[in-house]
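Hi,

Here is the structure I promised to pass on to you. Have a look at it first, and then read my notes below.

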Amino acid sequence: MMAPWARCKALLAQYMYRDRVTVTRQEIALDEEGADIFTAKDVYKDIPCKLSQYGKSLQSEQDARAFVMRNDLRVDMDPAIIVLPNDILTVTHEGQTLQLNAAQPFYYPDHVEVIVRRTEEA
């Protein structure tokens with residue numbers, strides 16, 4: 001017998017995952033002189049996902065250099081995708097590309113929910 005969430009997982013992939021995400025992670029590497037450095041590496045590319053609003057209002061403030069706006073969103077995708085806090089998620093949604101910072105993901109049998117923050121200066 002098929003697990004009860006397997007059908008739900010297939011339906012999510014078929015009907016909800018209309019956006020695409022690339023997951024980029026900071027990894028330790030060595031420079032030419034042998035010193036530790038951090039490099040950004042794409043660990044997943046062009047994965048089907050769903051970007052949606054998280055329900056919080058837009059946050060804004062004036063800092064020393066610019067007017068800063070923050071918006072908390074949510075990305076849902078297959079639970080086989082491992083997302084870590086501080087990963088950078090580049091989501092393509094309805095013709096626009098958004099760069100988002102991941103918080104702690106929540107894993108379920110049929111999907112993973114990742115709360116992400118978009119920060120931009122105006």
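On the surface of this predicted model, L11, Y15 and M16 make up a nonpolar patch, and together they have about 280 Å² of accessible area. M16 belongs to helix α1, which covers residues 4-16. Is M16 buried, partly exposed or exposed? Its relative accessible area is 34%, so it counts as partly exposed, a class that lies between the cut-offs of 20% and 50%.

Now for the inside. In soluble globular proteins, nonpolar side chains tend to be buried together. The largest nonpolar core here has 18 residues, and V75, M77 and L89 are the ones that touch the most other members. Which elements give two or more residues to this core? They are β1 (19-30), β2 (36-53), β4 (67-77), β5 (88-93), β6 (96-107) and β7 (112-121).

V75 is a good residue to click on. Apart from its neighbours within four places in sequence, V75 is in contact with C49, K50, L51, L89, V91, L100, V112, E113, V114 and V116.

Two of those contacts, L89 and V91, bring us to strand β5. In a regular strand the side chains alternate between the two faces of the sheet. In β5, the covered face holds L89, V91 and H93, while I88, T90 and T92 are on the uncovered one.

What does β5 pair with? On one hand there is β1, which runs antiparallel to β5 and is joined to it by five bridges. One place to see this pairing is T22, whose bridge partner in β5 is T90. On the other hand there is β6, also antiparallel to β5, with six bridges joining the two. Here I88 stands opposite N101 of β6.

β5 and β6 also form a hairpin, with two residues between them. E94 is in this turn, and its phi is near 50°, a positive value in a residue other than glycine. E94 is exposed, with a relative accessible area of 73%.

You can find another positive phi at N86, which is also not a glycine: the value there is near 80°. Where is N86? It sits in the loop between β4 and β5. With a relative accessibility of 66%, N86 is over the 50% cut-off and therefore counts as exposed.

If you would like a route through the model, start at the surface patch of L11, Y15 and M16, go on to V75 and its contacts, and finish at the turn with E94.

Enjoy exploring, and write back with any questions!

Best wishes

Terms used:
Residues are numbered from 1 along each chain as its sequence is written. This is a predicted model: local features need pLDDT of at least 70, side-chain atom pairs count only at pLDDT 80 or more; totals for chains, interfaces and linings use all residues. Side-chain values use heavy atoms; hydrogens and water are left out. A nonpolar core is a set of buried Ala, Val, Leu, Ile, Met, Phe, Trp, Tyr and Cys residues joined through side-chain atoms within 4.5 Å. Buried means under 20% relative accessible area, exposed over 50%, partly exposed in between (1.4 Å probe, protein chains only). Helices (H or I, at least four residues) and strands (E, at least two) are DSSP runs, numbered from the N terminus. Contact means heavy atoms within 4.5 Å. Two strands pair if DSSP finds at least two bridges between them. Patches are made of residues with over 30% relative accessible area and no salt bridge: like charges are joined within 9 Å, nonpolar side chains (Val, Leu, Ile, Met, Phe, Trp, Tyr) within 5 Å. Accessible areas come from the Shrake-Rupley method with a 1.4 Å probe; for residues, only the protein chains shown count as cover. A salt bridge is a side-chain nitrogen of Lys or Arg within 4 Å of a carboxyl oxygen of Asp or Glu.
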